[in-house]
Every structure is written in C-alpha cells, then in structure tokens.
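Here are a few exercises to work through with the model open beside you. Try each one before reading its solution.

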Amino acid sequence: MDTAESPAPAGTGDDGSGGSPGETSRRLSREQLCVLVSAASLNLGCMMAYSILGPFFPKEAEKKGASNTMIGMIFGCYTLFELVASLVFGKYLVQIGAKFMFIAGMFISGGVTILFGVLDQLPDGPIFIVMCFLVRIVDAIGFGAAITASSSILAKAFPNNVATVSGGLEVFSGLGLIVGPPLGGFLYQSFGYEVPFILLGCIVLLMIPLNLCVLPSYESEPGEHSFWRLVSLPKVGLISFVIISFSSGFGFLDPILSLFVLKKFNLPAGYVGLVFLGLDLSYTISSPLLGLLCDRMPNLRKWFLIFGNLITAGCYMLLGPVPILHIKSQLWLMVLVLVVHGVFAGMSIIPTFPELLSCAHENGFEEGISMLGLVSGLSGAVWSVGAFMGPVLGGFLYEKIGFEWAAAIQGLWALISGLAMGLFYLWEHSKARRRSKAQSITGTEEEQAALLSYET
C-alpha cells in the first residue's frame, strides 16, 4: 500500500468513488479498513496468547520447583516491563517508525510465545525460573511496542472517531481474553504443555504477512514536546489516575475473585470461569456503543468519566458485599454486580484516550504521529502501573482482611477518581465562564469606545 502522509478525516472516503457527503460519511476508506484489520488481528492474537497462561502454567511451574511467590512475580514482571516499553517506544515512535514497531512487536510476541512452550524441557529449579522471567520480559517489550504503535496508527487514521474505533476493537481484546483460557486449557489437557503456546504463537506470526501487506506507513517529524510536559498537565494526571484505577481493578479481580468464589459458594473449578464471563462479556459488548457515544457527543465524556467511576465504586462495595451493608453474599448478586461493573468500567475507560488527545491539542502539542506516540505510550504505561498494583495489593489485602473489605478498598480508588474528575470539570467550567464573561466585558467596552469616537 502507498505510504500515507495524512489520512482523510474519519468518516470520509478517499477511494475516489465520489458521491454525496452523506454517502461518503458512511464509508470507510481502504486505508482505514486496512488499519482496522491490522489492529483487530493484534488485539485478538496477542490477548489470546497473553491469557492462556492462567489455567495451567502455575501448576506446571510448581512441578518445576517455582514457589507461589515466584509464580506471582513471573506474572507481575510482564506489566512492569510493558510500562517501560510503552514509555520508551512512545517517545521514539517517529524515529523507529510506527509500522516497523507494530510488525516487530508482533514478531517478538509470537516468537517468545512459541519459546514459552518449550521451557518445560529445561531442568527444574533456577534455570527454568530465570528463563520464564526472560521470556515474559521480552514478550512484554514486544507487546508494548505493538500496542503503542497500534494506538498511534488508529488515532492517525481516525482522528475524529478515536473512541468509536477503540471501543469497537475492545471486542477483539475481550474475545481474546475470553477464548484464550478455555482454549489453552483444552489444548493442554488434550496435547500437553507445548501445544497451546506453539499453536497460538504461530497464529500471531501468521498474522505478520497480512499486516505487512495492508498496514499503511505514516511519516512524521519528531516533535519538540516531552512526556514530562504531557504528564505535568493537571487533566492528564487525573485521567492517568483513572486509567490506573481501572486497570488495577481488573488486576485485583483476576487472582482473588476465583479463590473467593470457590471458598464461599463451593462451585466446581470449571464454573468459576463462567462467573468472570459476566464481567468480560458486558464490557466487550458495551464498549463499541460507549465509544460511538463518546465521538458523536463529546460532552458526554466528562459525565461518563464521573459516573462510570462512581458506579464502579459501588459495584466493588457490593461484590463482597462489604460487611457494613449487612447484605448476604449470594452468587446471583455477584454475577449481576460483575455485569454492571463491566458496563460502567467501559464507561470509565473508553473516554480516556480521546480526552488525553484533546488535552494535548489544547495545550499546544503539535498534531501528528509524534504526539500520538507520546499519548499512546503514556496510556499504556499508566495501564501497566495499575495492572501490576492490582494483583499485588489485592493479594496482600485478601490475606489480611478478607475479600469483602479488600474489594471495598479497591472501590475507593474508583470513588476518588470519580470525585476528582467531577471537581476538576467543575473548576474547568467555572474558569471557562469567567473567561467568557471577561471577554464579553472587554468586547462591550471596545464597542462603546468605538461608538464614542464615531460620535465625536
């Protein structure tokens, strides 16, 4: 495909077919379709490869001499190095090239997924553990590169529909996370340890030729602005806190909710995954609609951020439920709360990326792939911070005070996020009103002075 310098605005076609504005506004250009296919393949393939570890790797690692603490660190190191990778690759996206970074990230992620499948051939003990760490770290770096490039390319190709596209692509991320664990468990039971990793790694690698052919290249000059200037903006800092709160909440539930459900309701292990489906499916299904609303009615974003966080906080209070509510813990109530949580979690997170872009534009960041790289890198980095903190703090609180109070404390993050965003938007609104009033007074005075000079 020809190198694209500047894509057509979202909602317009550049395929040369002409037509009325109403017709072209409903068509995607060939370039935009190619970007969507590439991003969807990345989200689906990499999320499946990422999520297959859960059902069987801890058991295999224990056989090879890894303690529970070491297993937790093997999982946790992924997010730490994804954090570093997102910051570095976001800063140097223009110099490296968005398309090259995307393809190279997929290649690394697929290759190390296959490599993970042969680790069981290593000797037990330190050698196995060290290699697990190394492979997970390299996988995190590859995924960080690919997802940073993907977010930047999407924002470049769809400048007016970032939330709609991001929400739609969450369907593929959700499908990957939903399909990955049961598929991995089935392949493990049927064919052994190696096959799940080798198969899914090959699927990711087979997507590379497709992306080489269809993914457009975007050229740009390096920008003058830095991460530090972006992070120092108050609105960016608050939105970053929202992203950390959201990702830590999902990370909190991953290792702890299953333990609580097994202990509280005596469910068979196979049914625990169905409990998680309530959260995953509601988030996956609602994300496209929420993204569409964010783009069609940008003023809704602030309300989504505020009420999405506040209702999410209430969901965490009801998960246990927290003892002060004196509500009996029941399975149907937990599933219902998870379904509601999935919808309002999407409401909290979908507006964050377009709000970050809008804030960067308003504060003088030059529009282009360089700025998109900074915003994408920051978004990925703060996500990784929460994804690391959630399981670590959640596990600690679960051991010390139990699931009910641990979930309530996790809900405080969302409560603080919602209140902070509400206060910020109130301050922003009052500031805009004062500025408008001052401009109105100045305009009136100038008009009066002009009239007086005319009369004299």
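**Exercise 1. Work out how the span of helix H7 (residues 126-157) compares with the expected one, and whether H7 is mostly covered or not.**

Step 1: H7 has 32 residues. Helices here are DSSP runs of H or I with at least four residues, strands are E runs of at least two, and both are numbered from the N terminus.

Step 2: The expected span is 1.5 Å times one less than the number of residues. For H7 that is 46 Å, and the distance from its first C-alpha to its last, 46 Å, is close to it.

Step 3: Now for cover. Buried means under 20% relative accessible area, exposed over 50%, and partly exposed in between (1.4 Å probe, protein chains only). With 23 of its 32 residues buried, H7 is mostly covered.

A word on the ground rules: residues are numbered from 1 along each chain as its sequence is written, and side-chain values use heavy atoms, with hydrogens and water left out. This is a predicted model, so local features need pLDDT of at least 70 and side-chain atom pairs count only at pLDDT 80 or more, while totals for chains, interfaces and linings use all residues.

**Exercise 2. Sum up the whole chain: how many helices and strands does it have, and what percentage of its residues is buried?**

Step 1: Count the elements: 16 helices and 0 strands.

Step 2: Of the 456 residues, 50% are buried.

Step 3: Look at contacts (heavy atoms within 4.5 Å). Among those with a separation of 6 or more, 83% are between residues 24 or more positions apart.

Step 4: Add the surface, computed by the Shrake-Rupley method with a 1.4 Å probe, where for residues only the protein chains shown count as cover. The accessible surface is about 21,100 Å², and 67% of that belongs to carbon and sulfur atoms.

**Exercise 3. Classify the ring pairs Phe246–Tyr283 and Phe260–Phe403.**

Step 1: Set the rule. Rings of Phe, Tyr and Trp (its six-membered ring) pair if their centres lie within 6.5 Å; planes under 30 degrees apart are stacked, over 60 edge-to-face, and the rest tilted. That gives 15 aromatic pairs.

Step 2: Phe246 and Tyr283 have ring centres 6.0 Å apart and planes at 40°, so this pair is tilted. The partners sit 37 residues apart, Phe246 in helix H11 (residues 234-265) and Tyr283 in helix H12 (residues 269-296). Both Phe246 and Tyr283 are buried.

Step 3: For Phe260 and Phe403 the centres are 4.3 Å apart and the planes at 15°, so call it stacked. This one joins H11 to helix H16 (residues 369-455) across 143 residues. Phe260 is buried at 6% relative accessible area, and Phe403 is buried at 1%.

Step 4: Zoom out a little: ring pairs link Phe260 and Phe403 with Phe252, Phe265 and Tyr316 into a cluster.

**Exercise 4. Trace the salt bridge of Lys235 and say where its partner sits.**

Step 1: A salt bridge needs a side-chain nitrogen of Lys or Arg within 4 Å of a carboxyl oxygen of Asp or Glu. The whole structure has 5 of them.

Step 2: Lys235 bridges to Glu355, with the closest N and O atoms 3.1 Å apart. Lys235 is in H11 and Glu355 in helix H15, 120 residues apart.

Step 3: Check the burial. Lys235 is buried at 7% relative accessibility, and Glu355 is buried with a relative accessible area of 7%.

Step 4: Put Glu355 in context. In H15 (residues 352-362), 8 of the 11 residues are buried, so the helix is largely enclosed by the rest of the structure. After H15 comes Gly364, with a positive phi near 90°.

Step 5: Follow the charges further: Lys235 and Glu355 belong to a salt-bridge network with Asp295 and Arg301.

**Exercise 5. Compare the salt bridges Glu60–Lys63 and Asp124–Lys64.**

Step 1: Glu60 and Lys63 meet at 3.6 Å, N to O. They are 3 residues apart in helix H3 (residues 53-63), which means about one helical turn. Glu60 is buried at 13%, whereas Lys63 is exposed at 52%.

Step 2: Asp124 and Lys64 have their closest N and O atoms 3.0 Å apart. Asp124 lies in the loop between helix H6 (98-116) and H7, and Lys64 in the loop between H3 and helix H4 (68-91), so the bridge ties together parts 60 residues apart in sequence. Lys64 is buried, at 11%.
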